[in-house]
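Visitor: I would like to understand how the descriptive terms used for a structure follow from its values. Could you take me through the reasoning case by case?

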Protein chains: 2
Amino acid sequence: MVNTLYLPELREMLAENNKAELQEFCTALHPARTADFMDGLNAAEAWAVLQHTTPQVRAEIFHYFEHERQVEIIETQDRAAVATLIAELAPDDRVDTLNDVKPEIVAELLPLMPAAERRDIQRLSAYPEGTAGAMMTSEFARLSQTLTVRDALAELGRQAEQLETIYYIYVVDESQHLRGVVSARQLISAMRKPDTQIGQLMDTELITSRVLEDQEDVANKVARLDLLAIPVVDDERRIVGIITHDDVIDVVREEATEDAQRIAGVTPLEDSYLKTRLFTLSWKRGMWLTILFFTALFTASALRYYETRLAQWPWLIIFIPLVMSSGGNSGNQSATLIITAMTTGDVRLRDWLIVVWRELRVGLMLGGFLAVCGLAVSWLLTSDIPEVRLRPQSVLIVPLTLVLVVTCGALAGSLLPMFFKRLGLDPALMSNPFVAGLSDILAIVIYMNVALALLSLSG
Amino acid sequence: MVNTLYLPELREMLAENNKAELQEFCTALHPARTADFMDGLNAAEAWAVLQHTTPQVRAEIFHYFEHERQVEIIETQDRAAVATLIAELAPDDRVDTLNDVKPEIVAELLPLMPAAERRDIQRLSAYPEGTAGAMMTSEFARLSQTLTVRDALAELGRQAEQLETIYYIYVVDESQHLRGVVSARQLISAMRKPDTQIGQLMDTELITSRVLEDQEDVANKVARLDLLAIPVVDDERRIVGIITHDDVIDVVREEATEDAQRIAGVTPLEDSYLKTRLFTLSWKRGMWLTILFFTALFTASALRYYETRLAQWPWLIIFIPLVMSSGGNSGNQSATLIITAMTTGDVRLRDWLIVVWRELRVGLMLGGFLAVCGLAVSWLLTSDIPEVRLRPQSVLIVPLTLVLVVTCGALAGSLLPMFFKRLGLDPALMSNPFVAGLSDILAIVIYMNVALALLSLSG
């Protein structure tokens, strides 16, 4: 949100270099709100304001800036000061941001950072996008199992300042193998027995994620188990990082938005809608629009095939869009239900027979109901056409077609996403063009064949 | 997941009433995994297994059962034992579950519970579905601001056992007005100065949610600020509960799935796909399929209107599905992009002019590209038709139509969702039928008018 009301005052403070008021501004509110208030400032102004507070508060406010603004500040402001700021950010956030900074600027910034942070950035940015490794932070609370509760709390008090999450404390052996986990809640509850060793307290039945695991699977695990954080381990079960609940919310939201966009035939946008460049937006839509265009081309060929029949009974034409869209809508409903159910894990591939049997029955019910509407509509719209009067069975063409088309749509819409998933393809991405194309062709072929069969009865 | 491998052994333990092994089974694994292992048991068997552990572990495992199984157990098993179990569950979870238990059984269970729990259930279930009140839990850590860090930690140790979250501790005055918040991290960090009063430590710049606030807004706030929990206050700023991060993940996922289903013209399912009854599934799809059917009816009327013209140039028919689907797909893409961008807050109503201007340009780009494909296709498919040879300008009908139809689709797809949102309606729910209907009609009208205009040039 742009809080334009406060902007002139903020600019005035900057112009007057009013240190006291700028300091007050940086700390009076929650850092997220402070960031919101600075939304209307340009990158240089925002950076100038941030100079009036401590490195920690500066990093907190910076964390809530929009991604594009973060990148702009890093690329344009004083290298040494920016490097200090980056060193203060959470390890996972700074890697996300640096990913979009020009490589030559990153190369200039890295030598200006402390060696530990530099190595950490290089290590975290080595994991491919979309994996647990790319999502995790390398800062977490770890303790040795021989500590007592009293010592553990004291040690945690020392670690707390620099850590994102201290609510799970990971117990490791000397080579960083994960042995167990203790929650801060357990430690606080155990304060009455301060000499207990944390090895006795810890939970050894650990839920972990592997470093190359897909981020969607990690998110599902955390959501299912209501975890605050999940440890990430390498092949030798050494802990290399943790993924916290806030990153999981971001992934859940990101994946859901991407699914919706894929279902509608848009390659998922990386930035927000308004920030995406027009050419990128056109490309991500145009690609699928073109594929869908060539799928629809089959309908043109099908109609050319039936051209002479249509010339013979021209009134058949008026129902073509109706039967096509009914089949397409039915297929789109099924495909979306199955794709979202597979994303949340409600439907698995081995359920395919149950799904087909359900869709067959639902398709017949829906088709049956639309057939009743179709009968009425077809009677109303064609009763004045002489050829229809001559062949009263014509009025059954639309209803019969609707039953078949809606059922085929439901079956295609449910089977194709599972088929693509089985092939290892993304069902959300692949299903739409194929379901749309298949149901359109089926609609025309079914409609024309039903029509020809019924009309030839007395023909 | 049904872990069928272990089921026979579990049933054998039950048949032999092997107490030691059943006790071991209930505690050896993470409760979520234990629940998964029991997936294949019926409700009575699952309940029998749960009798072999402490009330706390029983409640933990029960928490991870699927919703339908929870309801079945509550409805069928011994009332007194079930009442004890319900009293152990987290306040927000038990209200969610009891909402689906038959009211007469709830009425039998309530008198069997301790008075405090009974009142709590009645209070929480009074808030309407979809509000912060219905999402919150009434158990949270609260302390008075005059306590010292040492006393606060000791008190927290006592409260920790029964609380879902102790990581934010809310500081209240004697009439439960919210004064501030201290994190467990701050308390642990401050252990070196144990005599500090928590009033000095606490953060008074609080982010709260109102009790009747929409759950989507609450989720957006928690996600934006990376909070672990958010306090819920009444009109007089008294704290009445908190909403924790795990419930926020559920809401984010639920809202995203619902959006995707609404965009595809399905009233959102309350249960998972496989658990939804066929009749319910058909109803939730049939309603929209029928609305879409009657929208498509306008296309039939439009085609009847142009019937004589189509009889005159029958080859025009073959491109009708192609131009209709191009317009529809373009509209569907825009609508989905705008709906998801409004859900995540990337696009707001006041951005409408920017959106229209973007969509106009994207629409022209996409339409222009499809026009090139359309020109080739139209030339290939119609070059052998004598009437087309006589009027070479005919080959321009499809390309020109495509530019106009794709652009109109993009504009309709972006404007309608914002228009419905402006009216206070759900854009995801309302847009699809209208965008589909509008773009279909526009496609036919534009196509026929472009055709008539071009063909009359030399006609």
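Guide: What follows is a set of questions about terms, each answered by setting a value against its cut-off. Please keep in mind throughout that this is a predicted model.

Visitor: Let us begin where the chains touch; how many residues does each chain bring to the contact between chain B and chain A?

Guide: Chain B brings 122 residues and chain A brings 122 residues, and the area buried between them is about 11000 Å², with carbon and sulfur atoms giving 65% of that area. Across this interface there are eight salt bridges, and the residue pairs in polar contact number 32, counting those with both residues at pLDDT 80 or more. On the side of chain B that touches chain A, helix H17 (residues 278-305) of chain B gives the most, with 17 residues, and the residues of that side divide into 70 nonpolar, 28 polar and 24 charged.

Visitor: What makes the pair of A:Glu205 and B:Arg33 a salt bridge?

Guide: The N to O distance between the two side chains is 3.1 Å, and the rule asks for a side-chain nitrogen of Lys or Arg within 4 Å of a carboxyl oxygen of Asp or Glu, so the pair of A:Glu205 and B:Arg33 qualifies.

Visitor: Where do the partners of the salt bridge between A:Arg285 and B:Glu359 lie, and are they buried or exposed?

Guide: The closest N and O atoms of A:Arg285 and B:Glu359 are 3.1 Å apart, and the pair crosses between chains, from helix H17 (residues 278-305) of chain A to helix H20 (residues 352-382) of chain B. A:Arg285 has a relative accessible area of 0% and B:Glu359 has a relative accessibility of 0%; since buried means under 20%, A:Arg285 is therefore buried, and B:Glu359 is buried as well.

Visitor: How do you know that A:Arg262 and A:Glu258 are separated by about one helical turn?

Guide: They are four residues apart in helix H16 of chain A, which means a separation of about one helical turn. Their salt bridge has its closest N and O atoms 3.2 Å apart. A:Arg262 is buried because its relative accessible area of 14% falls under 20%, and A:Glu258, at 18%, is buried by that criterion too. Salt bridges that share partners join A:Glu258, A:Asp259, A:Arg262 and A:Asp426 into one network.

Visitor: Why is the pair of B:Glu75 and B:Lys102 said to tie together parts that are apart in sequence?

Guide: B:Glu75 lies in helix H6 (residues 67-76) of chain B and B:Lys102 in the loop between helix H8 (91-98) and H9 of chain B, so the pair links parts that are 27 residues apart in sequence. The N to O distance in this salt bridge is 3.6 Å. B:Glu75, with a relative accessible area of 19%, is buried, whereas B:Lys102, at 41%, is partly exposed, because the partly exposed class runs from 20% to 50%.

Visitor: Why is the aromatic pair of B:Phe140 and B:Tyr170 called edge-to-face?

Guide: The ring centres are 6.1 Å apart and the planes stand at 85°; a pair needs centres within 6.5 Å and, for this label, planes over 60 degrees apart, so B:Phe140 and B:Tyr170 form an edge-to-face pair. B:Phe140 and B:Tyr170 are both buried.

Visitor: What makes helix H8 (residues 91-98) of chain A largely enclosed?

Guide: Six of its eight residues are buried, so the rest of the structure largely encloses helix H8 of chain A. The buried residues are A:Pro91, A:Asp92, A:Arg94, A:Val95, A:Thr97 and A:Leu98, and they pack against several helices of chain A, including helix H6 (67-76) and helix H16 (245-263).

Visitor: Is B:Pro111 buried or exposed, and is B:Asp120 buried or exposed?

Guide: B:Pro111 has a relative accessibility of 54%, and exposed means over 50%, so B:Pro111 counts as exposed. B:Asp120, in helix H10 (residues 115-124) of chain B, has a relative accessible area of 12% and is therefore buried; its side chain makes a polar contact with the side chain of B:Ser138 at 2.5 Å.

Technical notes. Residues numbered from 1 in each chain as written. Chains lettered and ligands numbered in written order. Heavy atoms only, no water. Contact = heavy atoms within 4.5 Å. Buried area = accessible area lost by both parts, 1.4 Å probe. Polar contact = N/O pair within 3.5 Å; in protein donor to acceptor, adjacent residues only side chain to side chain. Helix = DSSP H or I, 4+ residues; strand = E, 2+ residues; numbered from the N terminus. Nonpolar A, V, L, I, M, F, W, Y, C, P; charged D, E, K, R; others polar. Phe/Tyr/Trp six-rings, centres within 6.5 Å; stacked < 30°, edge-to-face > 60°. Buried < 20%, exposed > 50% of the residue type's maximum accessible area, 1.4 Å probe, protein only.
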